[in-house]
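Trainee: I have the sequence and the structure open. Can we go through how the parts are arranged?

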Amino acid sequence: MEIERDKLLAMYRTMRRIRCFEERVRDLSIANEIPGFVHVSIGEEASATGVGAALRLTDRITSTHRGHGHLIAKGGRLDRMMAEIFGRRGGYCKGKGGSMHIADFALGILGANGIVGAGLPIATGSALAAVIQGRDDVTVSFFGDGAANEGAFHESLNLAAIWKLPVVFACENNGFGEFTPAQTVTSVADIAVRAQAYGIPGQIVDGNDVVAVHQAAAEAVARARRGEGPTLIECKTYRWEGHVVGEHAMIGTGQYRERAEIEQWRARCPIARMEKWLTERGLATADVFEAVAGEVRAEVEAAVEFARASESPDPKEVAEDLFV
Ligand SMILES: Cc1ncc(C[n+]2csc(CCOP(=O)(O)OP(=O)(O)O)c2C)c(N)n1
């Protein structure tokens, strides 16, 4: 499948936006300007971006505790996301949700989620709703390798398979669930093979190759839209940062992985890789990359200023805006 230059450059920009946003969030968290825990996906930008670029506005996603990239790739506004992470009124949930609860139904973002695996049945239900309502929208569920060991994963794949629901299960296998290497707790080396048990296609993709991810996602989304049912895509990737920002203060450094392993994966940076890919094909040059980086930096700084200028919610509002 040939991808147009504009789309390729848009994907490059999205990866840059995610990287820049999350580096800023990480640094602000370390500087104690952000309350609560934040989980960044630095190094994993290609999976969110490649999948997100296969979706249209009315398609939907469910996300995870490590969701900033998914939300940005689905069109989330950086200023409202940053304000939410700051716990301020200008945020997506009026500052009452934080990083792990950002949602924007108008953009098809059904929510980040602090409960591991919880997005899978929500996505399955969203896909069922689309069928019942006669919409040809597709829902994508992003989840990690850890979530693939939850009952919710197996129930969702089974139900989506028997009802041929328009849902794509996008597993980001970054090799760890918190501080536990995936191979010590997962019965198979490749999560994609679990698709066979439910009679649906399962595909392994190099999760640091945004073009490969996009091609696989576009096929799976098209298949779902045609009414042919779900697909499981496993993106093999790696998280460069800790499970949570500041983990070294909690558990010490180098407790569960070697620095050399991190360095090996940093050398496979999805952004640098795409720059090389675009350059080799004569589709972009270094000045384009620099311009994008500068624009994105300015956008992220504006988001930080927006968040800082936004006031905190009133404690009296704590029980408002709830589904009861
Ligand atoms: C149901 C549930 N169990 C445990 C936790 C604690 N927890 C938070 S993140 C995490 C690891 C999840 O690993 P994975 O799904 O691979 O995602 P990753 O963090 O690697 O992106 C765990 C166990 C939780 N939030 N929810």
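Trainee: How are helix 1 and helix 2 oriented to each other?

Mentor: This is a predicted model. In it, helix 1 (residues 5-30) and helix 2 (residues 45-52) pack with their axes 9 Å apart, at an angle of about 135°. Angles over 145 degrees count as roughly antiparallel, and 65 to 115 as roughly perpendicular. The angle falls in neither range, so helix 1 and helix 2 are oblique.

Trainee: Which residues of helix 2 make the contact with helix 1?

Mentor: Helix 1 passes helix 2 in a right-handed crossing. On the side of helix 1, the contact uses Met 11, Thr 14, Met 15, Ile 18 and Arg 19. By class, the contact has five nonpolar, four polar and two charged residues. The residues from helix 2 are Glu 45, Ala 46, Ala 48, Thr 49, Gly 50 and Gly 52.

Trainee: How is helix 1 oriented to helix 10?

Mentor: Helix 1 and helix 10 (residues 270-280) have axes 10 Å apart and an angle of about 155°. The cut-off is 145 degrees, and the angle is over it, which makes the pair roughly antiparallel.

Trainee: How many polar residues are in the contact of helix 1 with helix 10?

Mentor: Leu 8, Tyr 12, Met 15, Arg 16 and Arg 19 of helix 1 meet Pro 270, Ile 271, Met 274 and Leu 278 of helix 10. Seven of these residues are nonpolar and two are charged. The number of polar residues is therefore none.

Trainee: Which strands are at the edges of the sheet?

Mentor: The sheet is open, with five parallel strands in the order 1-2-3-7-6. An edge strand pairs on one side only. The edge strands are strand 1 (60-62) and strand 6 (202-206).

Trainee: What is the bridge partner of Ser 141 in strand 3?

Mentor: Strand 2 (residues 139-144) pairs with strand 3 (residues 167-173) in the parallel sense, over six bridges. In strand 3, the partner of Ser 141 is Phe 169.

Trainee: Which strands does helix 7 lie across?

Mentor: Helix 7 covers residues 210-225 and runs at about 170° to strand 7 (231-236). The strands that helix 7 lies across are strand 3, strand 6 and strand 7.

Trainee: How many residues of the shell around the ligand are charged?

Mentor: The ligand is surrounded by 15 residues, and the closest are Val 116, Gly 144, Gly 146, Ala 147 and Gly 177. Four residues of the shell are nonpolar and eight are polar. The number of charged residues is three.

Conventions: Residues are numbered from 1 along each chain as its sequence is written. This is a predicted model: local features need pLDDT of at least 70, side-chain atom pairs count only at pLDDT 80 or more; totals for chains, interfaces and linings use all residues. A residue is near a molecule or strand if its C-beta atom, placed from the backbone, lies within 6 Å of it. Two strands pair if DSSP finds at least two bridges between them. Helices (H or I, at least four residues) and strands (E, at least two) are DSSP runs, numbered from the N terminus. Two residues are in contact if their C-beta atoms, placed from the backbone, lie within 7 Å. Axes are lines fitted to C-alpha atoms, for helices over the stretch in contact, and angles run from 0 to 180 degrees between N-to-C directions. Angles under 35 degrees count as roughly parallel, over 145 as roughly antiparallel, 65 to 115 as roughly perpendicular and the rest as oblique. A crossing is left-handed if the near helix is turned anticlockwise from the far one by less than a right angle, and right-handed if clockwise.
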